[in-house]
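Visitor: I'm new here, and I'd like a close look at a single part rather than a quick tour of everything. Please show me where some aromatic rings come together, and explain the terms as you go.

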Amino acid sequence: MYKSLRAQTLHYFARPQESVLRTPLNTPAAWLGKDLRAADDWHYRLSEAEVAELKSAVDHAEKTGKPMGRLTRADFPLPTLAQRIDAWRQEIRHGRGFILIRGLPVQEWSEAQSAIAYWCIGHHFGIPGAQNPEGDL
């Protein structure tokens, strides 16, 4: 299942807010563009084995016959890549706040297969959410 835009908004505003920050932010998420240009540790290129695992997972998800919105993490098995995704999640939550993943074989997939891949990889990161009030995923 996924969160509606309304549920996401309510969650965001229900979080306890701290006071206004009066000192410079000193965390890995306080990056500047010039710092990113000087480093590439925020890029990750998928290996051939990881791409093969993703292709297998897309095939598996398709074979379930479920519509994309009903697919879950269990429908997209990533036996070795899941551990790497856990590390990426930690980087997103507690580190720089993002990572660039390169090498998804979208040129080999149909639009539907690419959508399944992104949807299901998202399930490995957390709970998917609607992108707008119309519920687009």
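Guide: Rings of Phe, Tyr and Trp (for Trp, its six-membered ring) make a pair if their centres lie within 6.5 Å; planes under 30 degrees apart are called stacked, over 60 edge-to-face, and the rest tilted. With that rule, ring pairs join W31, W42 and F98 into a cluster. Keep in mind that this is a predicted model, where local features need pLDDT of at least 70 and side-chain atom pairs count only at pLDDT 80 or more, while totals for chains, interfaces and linings use all residues. Numbering starts from 1 along each chain as its sequence is written, and side-chain values use heavy atoms, leaving out hydrogens and water.

The count of aromatic pairs comes to four. One of them is W31 with F98, an edge-to-face pair at 5.2 Å centre to centre, with 70° between the planes. Its partners come from distant parts of the chain, 67 residues apart: W31 sits in the loop between α1 (5-14) and α2 (33-37), and F98 in the loop between α4 and β2 (100-102). Those labels are DSSP runs numbered from the N terminus, helices being H or I with at least four residues and strands E with at least two.

How open are these rings? Buried means under 20% relative accessible area, exposed over 50%, and partly exposed in between, using a 1.4 Å probe and protein chains only. W31 is partly exposed at 37%, and F98 is partly exposed too, at 22%. F98 also pairs with W42: the centres are 5.6 Å apart and the planes at 65°, so this pair is edge-to-face. Here again distant parts meet, 56 residues apart, since W42 lies in the loop between α2 and β1 (43-45). W42 is buried, with 18% accessible area.

Now step back along the chain from F98 to α4. This helix has 14 residues and reaches 20 Å from its first C-alpha to its last, close to the expected 20 Å, which is 1.5 Å times one less than the number of residues. Buried in α4 are L81, A82, I85, W88 and R89. Seen down the axis, they fall within an arc of 110°, so they line one face of the helix; the arc is taken from the directions that run from the axis to the C-beta atoms. On the other side, Q83 and H94 are exposed.

What does that buried face pack against? The answer is β1, α3, β2 and α5. L81 gives a good example: leaving aside neighbours within four places in sequence, L81 is in contact with L46, E50, E53, L54 and W88, contact meaning heavy atoms within 4.5 Å.

L81 also belongs to the largest nonpolar core, a group of 21 residues in which L46, L54, F76, L78 and L81 touch the most other members. Helices α3 (48-63), α4 (81-94) and α5 (111-125) each supply at least two of its residues. A nonpolar core here is a set of buried Ala, Val, Leu, Ile, Met, Phe, Trp, Tyr and Cys residues joined through side-chain atoms within 4.5 Å.

For the wider setting, the chain has five helices and two strands, running α-α-β-α-α-β-α from the N terminus. Buried residues make up 28% of its 137 residues.
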